[in-house]
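Subject: Structure handover and findings

Hello,

Here is the structure for your set. Please open it alongside this note.

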Amino acid sequence: MGNTGPPRTTSWCSHCGAGLVAPPGGSSSSVRCALCHRVTRIERHRSVGNAVVLAPPSPPRTLIPVRRELPAGYPVARGKKRAVLVGVSYTGTDYELRGTVNDVDSMKSLLCDKFGFPSDCILVLTEKKSDDPYRVPTRENLLLAMRWLVEDCDAGDSLVFHFSGHGVQKLDTNGDEVDGYNEALCPLDFEDKGKILDDEINETIVCPLRPGVKLHAIIDTCHSGTILDLRYLCRLSRTGYWQWENHTRQPQKPKGTSGGLAISISGCKDDQKSADSSVRMRVYMSTVPLLPPLRLMYNHCDVQGFPESAEIGAMTDSFIKAVQSEPGTTYGRLLGAMRGTIRDGQGMGRRLLPGRVGSFVRKMVTSSSVQEPQLCSSEVFDIYRKPFLL
């Protein structure tokens with residue numbers, strides 16, 4: 001008896017080499033691997049009889065194991081609390097940042113001293129780690145570190161991913177973004193190797209989270225509001241009114257966890273830019289030419305003439321201050337405190353700019369332009385009842 005069902009389409013996971021079965025119909029589709037949970041784009045080229053030929057037409061020559069051998073410099077310990085802290089300075093480029101290493105150092109101290117993270121369970125990637133090629137924040141190393149963070153995660157694990165650097169927006173091509181743009185992180189080599197889109201971030205550190213696992217992503221970049229592509233975005237007014245917005249445009253293709261909880265706290269809205277926290281540096285900016293448009297697309301303001309030790313990202317600074325000032329705070333109070341700190345600091349910077357330059361900046365940069373840290377989550381909760389715990 002002949003086969004009367006739809007044609008069976010088979011390909012292979014481009015990440016781990018496992019076999020995939022694509023749904024029938026259409027010219028292309030994205031299929032999530034049941035083994036490694038990553039997504040492979042499958043293109044159908046032509047039909048031969050009742051079979052559909054896919055691209056790539058043959059499996060990888062060498063199957064890549066899901067459990068990768070880690071570099072020698074990686075932490076050996078696998079404690080219940082683990083973190084990846086990334087600070088990208090882009091040294092020697094026109095868009096160099098001078099405070100990201102301070103962000104990482106400050107965050108590591110907070111995690112160890114306040115929340116009991118073992119220092120040997122924290123993986124740090126900065127350009128100061130250039131003696132270890134796997135600790136330099138390139139695209140490949142960053143993705144490897146993110147996979148290390150969530151690999152073999154189990155109930156009771158508390159994971160933290162912190163990124164301080166540049167962030168951008170790119171036009172959405174698959175229709176899963178509410179505003180029509182993908183958000184992206186810029187690794188050190190993004191000009192050559194490419195940016196890391198929110199789709200890939202979600203696939204790498206959100207999807208693998210198992211029941212009982214908790215991930216906090218703390219992202220200090222521009223355009224970072226929904227950088228993890230989590231389902232819910234919290235809208236919080238200055239009066240304390242809040243509500244969760246569902247940002248899922250394609251319910252048939254959910255981007256959730258595998259039962260765990262993912263929460264992101266980011267530096268600003270998707271259409272906003274971040275800044276540095278030092279008022280002294282913003283005052284100094286009044287004596288130098290305005291930054292070119294490319295720099296305005298990015299995170300920390302690049303100001304010459306001040307030591308690196310004076311710089312820290314406004315979002316990282318406000319987050320640490322909010323956590324330290326109120327032990328046992330809730331997510332709602334944390335977010336409100338962060339916004340208040342940034343609003344006061346950036347407003348003071350504008351008020352202190354003298355003369356015509358100050359007048360121009362105050363007209364062009366209104367209070368609505370002040371960056372507002374954002375809260376996203378894979379599930380809804382009462383932000384004023386749920387305690388903030390790492």
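Below are the conventions, then the findings by topic.

This is a predicted model, in which local features need pLDDT of at least 70 and side-chain atom pairs count only at pLDDT 80 or more, while totals for chains, interfaces and linings use all residues. Residues are numbered from 1 along each chain as its sequence is written, and side-chain values use heavy atoms, with hydrogens and water left out.

**Enclosed elements**

Start with helix H4, residues 198-206. Helices are DSSP runs of H or I with at least four residues, strands are runs of E with at least two, and both are numbered from the N terminus. Nine of the nine residues of H4 are buried, so the rest of the structure largely encloses this helix. Buried means under 20% relative accessible area, exposed means over 50%, and partly exposed lies in between (1.4 Å probe, protein chains only). The buried residues of H4 include the charged-type names Asp198, Asp199, Glu200 and Glu203. Ile201, Ile205 and Val206 are also among them.

Strand S7 (residues 122-126) gives a similar picture: five of the five residues are buried, so S7 too is largely enclosed by the rest of the structure. Ile122, Val124 and Thr126 point one way from the strand. Leu123 and Leu125 point the other way. In a regular strand, side chains alternate between the two faces of the sheet.

S7 runs parallel to S6, and five bridges join the two. Strands count as paired if DSSP finds at least two bridges between them. Val124 in S7 is the bridge partner of Leu85. The chain gets from S6 to S7 through H1, in a right-handed β-α-β crossover. Right-handed means that, with the strands pointing away from the viewer, the path from the first strand over the helix to the second runs clockwise.

**Salt bridges**

How many salt bridges does the structure hold? There are eight. The criterion is a side-chain nitrogen of Lys or Arg within 4 Å of a carboxyl oxygen of Asp or Glu. Three of them follow.

- Asp157 and Lys80: the closest N and O atoms are 2.7 Å apart. Asp157 sits in the loop between H2 (139-150) and S8 (158-164), and Lys80 in the loop between S5 (51-55) and S6 (81-87), so the pair ties together parts 77 residues apart in sequence. Asp157 is buried, at 4% relative accessibility. Lys80 is partly exposed, at 41%. Both belong to a salt-bridge network with Arg82.
- Arg139 and Glu200: the closest N and O atoms are 2.6 Å apart. Arg139 is in H2 and Glu200 in H4, so this pair ties together parts 61 residues apart in sequence. Both residues are buried.
- Arg333 and Glu326: the closest N and O atoms are 2.6 Å apart. Arg333 is partly exposed at 46% relative accessibility, and Glu326 is partly exposed at 26%.

**Backbone**

Which non-glycine residues have a positive phi? Tyr90 is one of them, with a phi of about 55°. Tyr90 lies in the loop between S6 and H1 (100-115). Its relative accessibility is 0%, so Tyr90 counts as buried. Asp152 is another, with a phi of about 60°. Asp152 lies in the loop between H2 and S8. At 41% relative accessibility, Asp152 counts as partly exposed.

Best wishes
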